[in-house]
Amino acid sequence: MSYIIVGAGVFGVSTAYHLKKQIPSASVTLIDRTDPPCPVAASHDINKIVRADYEDIFYCSLGLKTLHTWKTDPFFKKWFHPAGLLTVTDGKSRLIEVILDNLNKLNAGHATDFFTPKEISGKFDGIFSEMRLRPDDKLLFNSSAGIAEAEKALSATIEACIGSGVEYIAAPISKLIIRDSMCQGVQAEDGSIFSATNIILSTGAATAKLIADSAPQQAELQVGPRITARAVCCAAVELDKQQVKTFEKVPAVAHHAGRTQGATPNRSANRIQPD
């Protein structure tokens with residue numbers, strides 16, 4: 001059994017990693033446009049929030065499984081920091097109530113606390129005392145969430161894949177080789193062709209264009225509304241030694257009350273990263 005995985009972000013690399021663990025005899029090839037880790041992958045970042053606090057119960061379920069792995073797997077847990085997650089919404093939103101309902105439906109043993117804007121000012125050593133909140137805003141702290149050092153974890157997992165026999169190829173893929181509505185391989189920009197019995201696309205926002213360029217006359221293969229490409233702006237604020245000490249116990253923040261989405265502390269890099 002042979003596999004080609006196009007895209008070496010978190011989905012592609014995780015797929016390669018677990019494929020080789022479950023089917024050691026499988027031939028697995030991981031292809032991305034640059035040497036690893038690819039700097040344009042969404043997972044190539046300082047850190048990412050690891051949580052189960054989702055409005056969609058399917059994502060909530062996946063989040064619970066993911067948290068368990070980050071906390072217990074000897075390979076991954078060294079990159080995980082149990083910072084907790086503070087979710088902020090406006091008074092009209094029912095996001096927090098839906099999150100709690102999902103966790104209850106999944107029988108998740110979660111440790112959560114509700115706070116009013118006034119109450120949060122006295123928590124976490126007063127770090128949120130100047131946070132701009134409206135009187136009816138709602139806040140939920142879930143201590144089971146945390147942050148993962150994304151770039152380090154991704155790089156380490158790619159190295160583990162290669163060590164287990166996965167072949168990594170740095171080659172921008174220009175199109176899929178499709179015959180009789182079946183994908184049989186991929187073609188790189190330099191004309192090189194790679195074939196396998198299974199082709200897995202982990203190409204994120206590039207998926208729709210890749211399929212359209214590969215099979216423009218086959219409407220049934222097109223992505224259509226099934227995938228929507230999105231982008232966010234990120235920034236990182238460097239902290240001095242005193243600020244590092246001030247922020248060292250700050251949780252990750254998912255801020256849904258306004259335009260700012262949140263912030264994640266990065267203790268190893270001495271940064272706060274607003275998303």
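**Exercise 1. Place phenylalanine 58 and decide whether it is buried or exposed.**

Let's start with the element: phenylalanine 58 sits in helix H2, which covers residues 57-72. Keep in mind that this model is predicted. Next comes the accessibility, which is 52% in relative terms for phenylalanine 58. The cut-off for exposed is over 50%, so phenylalanine 58 counts as exposed. Finally, look at its surroundings on the surface: Phe58 joins Ile57, Tyr59, Leu62 and Leu106 in a nonpolar surface patch of about 450 Å².

**Exercise 2. Work out whether serine 2 is buried or exposed, and find which residues it is in contact with.**

First, locate serine 2: it belongs to strand E1, residues 2-6. Second, take its relative accessible area, 18%. Buried means under 20%, so serine 2 is buried. Third, list its contacts, leaving aside neighbours within four places in sequence: these are Ser27, Ala196, Thr197 and Asn198.

**Exercise 3. Describe the largest nonpolar core and the contacts of valine 13.**

Begin with the count: the largest nonpolar core has 33 residues. Inside this core, the residues with the most contacts are Val13, Ala16, Val28, Leu30 and Trp70. Now trace the elements that give two or more residues to it: E1, helix H1 (10-22), strand E2 (27-32), H2, helix H3 (95-105) and helix H5 (150-163). Then turn to valine 13, again leaving aside neighbours within four places in sequence: valine 13 is in contact with Gly7, Ala8, Leu30, Leu154, Thr157, Ile158 and Cys161. As a last step, note that another core, of 15 residues, lies apart from the largest one and includes Ile4, Val186, Ala188 and Phe194.

Conventions:
Residues are numbered from 1 along each chain as its sequence is written. This is a predicted model: local features need pLDDT of at least 70, side-chain atom pairs count only at pLDDT 80 or more; totals for chains, interfaces and linings use all residues. Side-chain values use heavy atoms; hydrogens and water are left out. Patches are made of residues with over 30% relative accessible area and no salt bridge: like charges are joined within 9 Å, nonpolar side chains (Val, Leu, Ile, Met, Phe, Trp, Tyr) within 5 Å. Accessible areas come from the Shrake-Rupley method with a 1.4 Å probe; for residues, only the protein chains shown count as cover. A salt bridge is a side-chain nitrogen of Lys or Arg within 4 Å of a carboxyl oxygen of Asp or Glu. Helices (H or I, at least four residues) and strands (E, at least two) are DSSP runs, numbered from the N terminus. Buried means under 20% relative accessible area, exposed over 50%, partly exposed in between (1.4 Å probe, protein chains only). Contact means heavy atoms within 4.5 Å. A nonpolar core is a set of buried Ala, Val, Leu, Ile, Met, Phe, Trp, Tyr and Cys residues joined through side-chain atoms within 4.5 Å.
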